[in-house]
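Here are some friendly notes to read alongside the model. Please keep the structure open and look up each residue as it comes up.

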Amino acid sequence: VKERGRNGLAFYQPGMLDAVRTRLSIENALRHALEEDEFELVFQPQVDSDSRPVGVEALLRWNRPGYGRVMPAEFIPVAEDSGLILPVGNWVLRTACATLSRWRHLMPGNPTLPLSVNVSPRQFFQADFVPHVLDCLGTYGLSGNHLELELTESVLLDDIVETRSKMRELAGHGIRFALDDFGTGYSSLRYLQQLPITTLKIDQSFVRELRTNDDNTAIIRSILSVAQHLGLKVVAEGVETDAQARLLDDLGCRIHQGYRYSVPIGEREFLAWIGSRGA
Ligand code: C2E
Ligand code: CA
Ligand code: CA
Ligand code: CA
C-alpha cells in the first residue's frame with residue numbers, strides 16, 4: 001500500500017504542479033510584458049518561383065527577462081486562455097501598421113510588400129476588432145491593401161454569420177484574408193466561396209513529409225485544384241529543402257515560405273535581405 005501510495009504521489013505530483021506553476025508564471029510575466037516593451041515582431045518573406053519576395057509574415061517574439069527569446073508556442077496558448085491575447089493581439093496589429101508605414105517611407109516608389117499578420121480566433125471575435133484594425137491603419141495613413149490577416153479554419157466553424165460580416169467589412173477596405181494551416185481543419189469548401197478569402201496557406205505538415213507520389217502530394221494537388229477553381233492564391237509553408245521546393249514547383253505551387261529562403265528575422269535584417277533581392 002505504501003509503495004502504491006508513493007507511486008501514486010510520484011505520478012500525480014511533480015509534473016502537474018510544475019506545469020501549473022510554469023503556466024502561472026508565464027501568465028503573470030505576460031501581464032507586464034506589454035508595459036515593459038518585451039514583445040518584438042520578426043519577419044519571414046514569401047517568395048515566388050524566381051525567389052522574388054511577394055509578401056512577408058509578421059511573427060511574434062517575447063524577449064522575456066531571464067529567459068531569452070520565448071517562442072509563440074510557449075506563450076500564445078497561455079495568452080489565449082487568460083484573455084491576454086486581446087491586448088497582445090492589438091499590440092501586434094498596431095506594431096505591424098507602424099512597421100508598414102516605416103517601410104513605405106524607406107522604400108519610396110516601391111510598392112510595399114503586403115504584410116501578413118496572425119489573428120487568433122478570440123481576437124477576431126472581440127466586439128471592436130473591426131474598428132481596431134481600421135483605427136490602426138488610419139493612425140499610420142495606410143490603406144487596407146497593405147495588410148493581410150491570417151485566420152485559422154476554427155474561425156470559420158465558430159459563428160459564420162459574424163465571421164462573414166466582419167470579413168466583408170474589412171475586405172471592403174482592401175484588407176485581404178489568408179486561411180492559415182490549411183488542410184488540417186474541417187473547413188467546408190462552401191465557406192471558401194462565401195468569404196472574402198484570397199489566400200490558402202498549406203500547412204507545414206504536408207510539406208515536411210512531402211515525397212513524390214505520396215498522400216501529401218495528393219492533398220496538395222487537391223488544395224491547388226480547389227484554389228484554382230475559386231481563384232485563390234496558395235502559399236506553401238515550411239519549405240526547408242531544395243527537394244521540397246522542386247516538388248512543390250512541379251505540382252504548380254509557386255509561392256513558398258520557409259527556412260530555405262529565410263528564417264524569420266528582425267526588421268533591420270529583413271530590410272537588408274529585401275535590398276539584396278532588389279525588391
Ligand atoms: P504559423 O502562423 O503557422 O507560422 C509559421 C511558423 O512556422 C512560425 O513559427 C515560423 O517561424 C515557422 N517556420 C517558418 N518556416 C519554417 C520552416 O521552414 N520550417 C519549420 N519547421 N518552421 C518554419 P513561430 O514563429 O514559432 O510561430 C508559431 C505559431 O504561433 C504561428 O504559426 C502562429 O500560429 C502563432 N503566432 C505567431 N505570431 C503570432 C501573432 O502575432 N499572433 C497570433 N495570434 N499568433 C501568432
Ligand atoms: Ca501564420
Ligand atoms: Ca501556418
Ligand atoms: Ca500554426
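## Notes on salt bridges, calcium sites and a pocket

1. Let us begin with one contact between side chains. In this predicted model, arginine 31 and glutamate 27 are joined by a salt bridge, with 2.7 Å from N to O. Both residues belong to helix H1, which covers residues 2–33, and because they are four residues apart there, about one helical turn separates them. Arginine 31 is partly exposed, with a relative accessibility of 40%.

2. A second salt bridge has a similar setting, so find helix H7 (residues 160–171) next. Here lysine 166 pairs with glutamate 162 at 3.1 Å, N to O. Again the partners are four residues apart, or about one helical turn. Which of the two labels, buried or partly exposed, fits lysine 166? Lysine 166 is buried, because its relative accessible area is 8% and the cut-off for buried is under 20%. Its partner glutamate 162 comes out at 25%, which makes glutamate 162 partly exposed.

3. Now for a salt bridge between strands. Arginine 69 and glutamate 40 form a salt bridge in which the closest N and O atoms are 2.8 Å apart. This pair links distant parts of the chain, 29 residues apart: arginine 69 sits in strand E3 (residues 68–70), and glutamate 40 sits in strand E1 (residues 39–47). Both ends count as partly exposed, with arginine 69 at 43% relative accessibility and glutamate 40 at 23%.

4. How many salt bridges are there in the count? The count comes to twelve. Some residues are linked in a network of salt bridges, namely Glu57, Glu150, Lys201 and Glu237. Please remember these names, as several return below.

5. Let us turn to the metal sites, starting with the calcium ion (ligand 2). Its donors are Glu57 (OE), Asn118 (OD1), Glu150 (OE) and Asp180 (OD), at 2.1 to 2.3 Å. Along the sequence, these donor residues follow the spacing E-x60-N-x31-E-x29-D. Glutamate 57 is in strand E2 (residues 53–64) and asparagine 118 is in strand E4 (residues 115–118), so this pair ties together parts of the chain that are 61 residues apart in sequence. The two residues can also be compared by exposure: glutamate 57 is buried at 3% relative accessible area, whereas asparagine 118 is partly exposed at 29%.

6. The calcium ion (ligand 3) comes next. Asp180 (OD), Asp181 (OD) and Glu237, which is listed twice through OE, coordinate the calcium ion (ligand 3) at 2.2 to 2.8 Å. The donor spacing along the chain reads D-D-x55-E. Aspartate 181 lies in strand E6, while glutamate 237 lies in the loop between strand E8 (233–236) and helix H11 (242–251), so the pair ties together parts 56 residues apart in sequence. Aspartate 181 is partly exposed at 27% relative accessibility, and glutamate 237 is buried at 7%.

7. Which residue bridges the calcium ion (ligand 2) and the calcium ion (ligand 3)? Aspartate 180 does, and the two ions lie 4.1 Å apart. The calcium ion (ligand 4) is 6.0 Å from the calcium ion (ligand 2). Asp181 is listed twice, through OD, as coordinating the calcium ion (ligand 4), at 2.7 to 3.1 Å. You can find aspartate 181 in strand E6, which spans residues 176–182. Keep in mind that water is not among the atoms, so sites may look incomplete.

8. Finally, look at the largest pocket, which holds about 970 Å³ of space. Its lining has 35 residues, and those nearest its centre are Glu57, Leu59, Pro72, Asn118 and Asp180. Among these, Glu57, Asn118 and Asp180 are also donors to the calcium ion (ligand 2). At least two lining residues come from each of E2, helix H2 (72–82), helix H3 (85–106), helix H4 (121–124), strand E5 (147–152) and E6. What is the lining made of, by class? There are 16 nonpolar, ten polar and nine charged residues.

Notes
Residues numbered from 1 in each chain as written. Chains lettered and ligands numbered in written order. Predicted model: local features only at pLDDT ≥ 70, side-chain atom pairs only at ≥ 80, totals over all residues. Heavy atoms only, no water. Donors = N, O, S within 2.8 Å, 3.2 Å for Na, K, Ca; no water. Buried < 20%, exposed > 50% of the residue type's maximum accessible area, 1.4 Å probe, protein only. Salt bridge = Lys/Arg side-chain N within 4 Å of Asp/Glu carboxyl O. 1 Å grid on protein atoms, 1.4 Å probe; cavity = no way out; pocket = protein on both sides within 12 Å on 5 of 7 lines; lining within 4 Å. Points joined across faces, edges and corners; volume = space filled by probe spheres on them. Nonpolar A, V, L, I, M, F, W, Y, C, P; charged D, E, K, R; others polar.
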